[in-house]
Number of protein chains: 2
Amino acid sequence: MSETDSSIEADVFARNCSSREALQNATSRWGILALAALAEGDYRFNALRRRVDGVSERMLSQTLHTLERDGLVVRTVLQSIPPKVEYSLTPLGRQVAEQLTGLIDLMQSNLPAVLAARAEHDAR
Amino acid sequence: MSETDSSIEADVFARNCSSREALQNATSRWGILALAALAEGDYRFNALRRRVDGVSERMLSQTLHTLERDGLVVRTVLQSIPPKVEYSLTPLGRQVAEQLTGLIDLMQSNLPAVLAARAEHDAR
């Protein structure tokens, strides 16, 4: 579904459907980890950066901006001195993050099987 | 968790944990769509390439190889003339694909909300 034909059903398998882009924003390298972290609770930028180990300031900033634009994340500027910026999930962001958390749990708990499959594959 | 310290719990938030790599292989641009397509049934290479609209032969081939190495996809050579190659999900691949399908359904059904959020954001 593109912005101009909202009567057609969304289909991530179609290369020009905006749902594919939205899916890929939420499952980008850093998007998936930022959403899963925010499922634990709200974060300020630097704390989120520490939680998502390895992300650069620039990439986290870009990732959060994309997720905010897609309506998954809210950026709140708190009226304090100095001002503090906090990130949280929208209701849709929370639903997406719950799916991602399920996937992450599955991957973490099945890591021994994945590593065994890799070892077997590489020994062929 | 790396290959050498299997006693430590897997954690996708740790930059060197192999579970992060496994997660990112399954949620790569084409990995997510290939797994979701294979959740519909087994596919031969060219049919899968048609289903995953927009993927190049080379990228689909690389993606399937990575998913096969991680133990999510099985490649079967059928004894026929000419030989046919079919791709299917392993039991773990099926569990991963079910999570991804849930995420895809969520994104497709909420696309109007995502597009509205984008329009509002861009009008600011």
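User: How many bridges join β1(A) to strand β3 (residues 84–89) of chain A, and in which sense do the strands run?

Analyst: The model is a predicted one. Within it, β1(A) and strand β3 (residues 84–89) of chain A are joined by two bridges, and the strands run antiparallel. To place this pairing in the sequence, take A:Y43, whose bridge partner in β3(A) is A:Y87.

User: In what order do the three strands of chain A form their sheet?

Analyst: The order is β1-β3-β2, in an open sheet with antiparallel pairing. At the edges stand β1 (43–44) and β2 (73–78) of chain A; each has a single partner strand, so one side of each lacks a neighbour in the sheet.

User: How many bridges pair β2(A) with β3(A), and what joins the two strands?

Analyst: Pairing between β2(A) and β3(A) is antiparallel and extends over six bridges. One of the partners is easily located: A:V74 is bridged to A:S88 in β3(A). The two strands form a hairpin, with five residues between them.

User: Which peptide bond is cis in the loop between β2 and β3 of chain A?

Analyst: The bond to inspect joins A:I81 and A:P82; it is cis, with omega about -5 degrees. A:P82 is placed in the loop between β2 and β3 of chain A. In chain B, the peptide bond from B:I81 to B:P82 is likewise cis, with omega near -5 degrees, and B:P82 sits in the loop between β2 and β3 of that chain.

User: How should the strands of chain B be read, and in what order do they form the sheet?

Analyst: Chain B has three strands in an open sheet, ordered β1-β3-β2, with antiparallel pairing. The edges are taken by β1 (43–44) and β2 of chain B, each with a single partner strand, so one side of each is left without a neighbour in the sheet. Strand β2 (residues 73–78) and strand β3 (residues 84–89) of chain B run antiparallel and are joined by six bridges. Among the partners, B:V77 is bridged to B:V85, and B:V74 to B:S88. A hairpin of five residues leads from β2(B) to β3(B).

User: Which strands does α2(A) lie across, and at what angle does it run to β3(A)?

Analyst: Helix α2(A) lies across β1, β2 and β3 of chain A and runs at about 95 degrees to β3(A). In chain B, helix α2 (residues 31–38) lies across β1, β2 and β3 of its own chain, at about 95 degrees to β3(B).

User: At what angle do the axes of α2 and α4 of chain A cross?

Analyst: The axes of helix α2 (residues 31–38) and helix α4 (residues 57–69) of chain A come within 10 Å and cross at roughly 75 degrees. That angle makes α2(A) roughly perpendicular to α4(A). In the contact, A:G31, A:A34, A:L35 and A:L38 of α2(A) meet A:L60, A:T63, A:L64 and A:L67 of α4(A). By class, these residues are six nonpolar, two polar and no charged.

User: How is a helix contact between two chains read, as for α1(A) and α5(B)?

Analyst: The reading again begins with the axes. Those of helix α1 (residues 18–26) of chain A and helix α5 (residues 91–109) of chain B come within 9 Å, crossing at roughly 130 degrees. The two helices are therefore oblique to each other, and their crossing is right-handed. On the α1(A) side the contact has A:S19, A:A22, A:L23 and A:A26, which meet B:L103, B:I104, B:M107 and B:Q108 of α5(B). Six of the residues are nonpolar, two are polar and none is charged.

User: By what turn and shift can chain A be laid on chain B?

Analyst: A turn of 180 degrees with a shift of 0.0 Å along the axis lays chain A on chain B with an RMSD of 0.0 Å. The two copies are thus related as by a two-fold rotation axis. Of the interface residues of chain A, 100% are also interface residues in chain B, so the copies meet through the same surface.

User: Where does B:E57 lie, and which residues does B:E57 touch?

Analyst: B:E57 is in helix α4 (residues 57–69) of chain B. Leaving out residues up to four places away in sequence, B:E57 touches B:F45 and B:R49. B:R20 is 37 residues from B:E57 in sequence, and their C-alpha atoms are 26 Å apart in space.

Technical notes: Residues are numbered from 1 along each chain as its sequence is written. Chains are lettered from A and ligands numbered from 1 in the order in which they are written. This is a predicted model: local features need pLDDT of at least 70, side-chain atom pairs count only at pLDDT 80 or more; totals for chains, interfaces and linings use all residues. Side-chain values use heavy atoms; hydrogens and water are left out. Axes are lines fitted to C-alpha atoms, for helices over the stretch in contact, and angles run from 0 to 180 degrees between N-to-C directions. Helices (H or I, at least four residues) and strands (E, at least two) are DSSP runs, numbered from the N terminus. Angles under 35 degrees count as roughly parallel, over 145 as roughly antiparallel, 65 to 115 as roughly perpendicular and the rest as oblique. A crossing is left-handed if the near helix is turned anticlockwise from the far one by less than a right angle, and right-handed if clockwise. Contact means heavy atoms within 4.5 Å. Ala, Val, Leu, Ile, Met, Phe, Trp, Tyr, Cys and Pro count as nonpolar, Asp, Glu, Lys and Arg as charged, and the others, Gly among them, as polar. Two strands pair if DSSP finds at least two bridges between them. Copies are superposed by least squares on the C-alpha atoms of residues with pLDDT of at least 70 in both.
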